[in-house]
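Colleague: I have just started learning to read protein structures. Could we look at one together?

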Amino acid sequence: MNMKKIIYVICTVLVLGASACTEDVDYTPGLPVAEDCIYASFTTDGEETFVSATDERKVTVTVTRENTANEVVVPLKTLPQTDDCFQVPASVTFAAGAATATFDITFSEVEAEEVYTYSVALDESAVDSYSQDYITSITGTVLPEANWDTSLGQGVYSSGNFGPTYCEVQKANGQNWYRVVTPYDSYSVVVKVNEDNTVRLREQPLAWANVGLPDPELIYISLNSSYTGQDVSGGAGILANMYNPTTGVITMAVDYNCSAGALGTTIDQIQIPQ
């Protein structure tokens, strides 16, 4: 390529680049923060709430503000992540001069020992959306607890990863549900037995353990439902994810995981005291 062609190519690239940089781009600036903004904020970005069987079914949420001059009603937005069981009020009211206000999120028609999610945002008119100093939305969970009023005595939890251990087993009032009390750490394990003796196990923490990382990890367990009805004993006739009422043994295919990822599947068993 001769010099004239090189110069021509370079000039063409520069012209195209310049034209590309000067193309009009539609830009809509954000709305400025209103002069009368109260700078409202939640006090947390969401919490895990355990509600006992005897407590009122509600979560109380606190909101703060910086501009406290007048009484202000702040609209609330229920976000799509919210489960249908929750009733979120339309607004929260600050009394004149008050820096804080609270509102209740109530819930109903829920099954105990399951996790439900709510997510709520403050109206844009009351917040500074450009600052990270304010919490303008929250996402929290609620776990309504069953009434564990019956202790069955000492049972055994046999983990494929941690081995067997003796522990108290409780039964829920009016349900064929069992709670294994703190088998390996400060966390209890809840297992539900259905009418057909299949079992349910929601994801829940089991214990802290070393998994090859610098710090211990909180280990979670959940049911591997793909094992339902399968023979996992090499022909001995033991079915996974089932309760045997004759022996009092619950056998589960359990997935272990932590924040670093999956840790594999094991066959865990619970011996219910007879």
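What follows is a friendly exchange about rings, charges and a pocket.

Colleague: What kind of model is this?
Modeller: Good thing to ask at the start. What you see here is a model, and it is predicted.

Colleague: How are the planes of the Phe162 and Tyr184 rings arranged: stacked, edge-to-face or tilted?
Modeller: The ring centres of Phe162 and Tyr184 lie 5.3 Å apart, and rings pair if their centres are within 6.5 Å. Planes under 30 degrees apart would count as stacked and over 60 as edge-to-face. Here the planes stand at 35 degrees, so the pair is tilted.

Colleague: How many residues apart are Phe162 and Tyr184?
Modeller: Phe162 sits in the loop between strand S10 and strand S11. Tyr184 belongs to the loop between strand S12 and strand S13. The pair therefore links distant parts of the chain, and the two are 22 residues apart.

Colleague: Which residues join Phe162 and Tyr184 in a cluster of ring pairs?
Modeller: Both of these rings are partly exposed, with a relative accessible area of 33% for Phe162 and 22% for Tyr184. Ring pairs link them into a cluster with two further residues, Tyr157 and Tyr256.

Colleague: Are Tyr178 and Tyr243 buried or exposed?
Modeller: Let's place them. The centres of their rings are 6.2 Å apart and the planes are at 40 degrees, so this pair is tilted. Tyr178 lies in strand S12 and Tyr243 in strand S17, so the pair ties together parts 65 residues apart in sequence. As for accessibility, both Tyr178 and Tyr243 are buried.

Colleague: How many aromatic pairs does the structure hold?
Modeller: We have talked about two of them, Phe162 with Tyr184 and Tyr178 with Tyr243. For the whole structure, the number of aromatic pairs is eight.

Colleague: Which residue lies over the face of Trp177?
Modeller: This one brings a charge to a ring. At 4.1 Å from the ring centre of Trp177, and within the 6 Å limit used for such contacts, lies Lys192.

Colleague: What is the N to O distance in the salt bridge of Lys192 and Glu111?
Modeller: Side chains of opposite charge can pair when their charged atoms come close. Lys192 is in strand S13 and Glu111 is in the loop between strand S7 and strand S8, 81 residues apart. Lys192 counts as buried at 2% relative accessibility, whereas Glu111 is partly exposed at 29%. Their salt bridge has an N to O distance of 2.6 Å.

Colleague: Which residues make up the network of salt bridges that share partners?
Modeller: Glu111 also forms a salt bridge with Arg200, with the closest N and O atoms 2.9 Å apart. Glu111 lies in the loop between S7 and S8 and Arg200 in strand S14, so this pair ties together parts 89 residues apart in sequence. Bridges with shared partners give one network: Glu111, Glu114, Lys192 and Arg200.

Colleague: Is Glu56, the partner of Lys58, buried or exposed?
Modeller: Lys58 and Glu56 form a salt bridge, with their closest N and O atoms 3.7 Å apart. Lys58 is partly exposed at 29%. Glu56 has a relative accessible area of 58%, which is over 50%, so Glu56 is exposed.

Colleague: How many of the residues lining the largest pocket are charged?
Modeller: The largest pocket has a volume of about 450 Å³. Its lining has 19 residues, with Glu48, Phe50, Leu143, Arg202 and Pro205 nearest the centre. Nine of the lining residues are nonpolar and four are polar, and the number of charged ones is six.

Key. Residues numbered from 1 in each chain as written. Predicted model: local features only at pLDDT ≥ 70, side-chain atom pairs only at ≥ 80, totals over all residues. Heavy atoms only, no water. Phe/Tyr/Trp six-rings, centres within 6.5 Å; stacked < 30°, edge-to-face > 60°. Helix = DSSP H or I, 4+ residues; strand = E, 2+ residues; numbered from the N terminus. Buried < 20%, exposed > 50% of the residue type's maximum accessible area, 1.4 Å probe, protein only. Lys NZ or Arg CZ within 6 Å of the ring centre and 35° of its normal. Salt bridge = Lys/Arg side-chain N within 4 Å of Asp/Glu carboxyl O. 1 Å grid on protein atoms, 1.4 Å probe; cavity = no way out; pocket = protein on both sides within 12 Å on 5 of 7 lines; lining within 4 Å. Points joined across faces, edges and corners; volume = space filled by probe spheres on them. Nonpolar A, V, L, I, M, F, W, Y, C, P; charged D, E, K, R; others polar.
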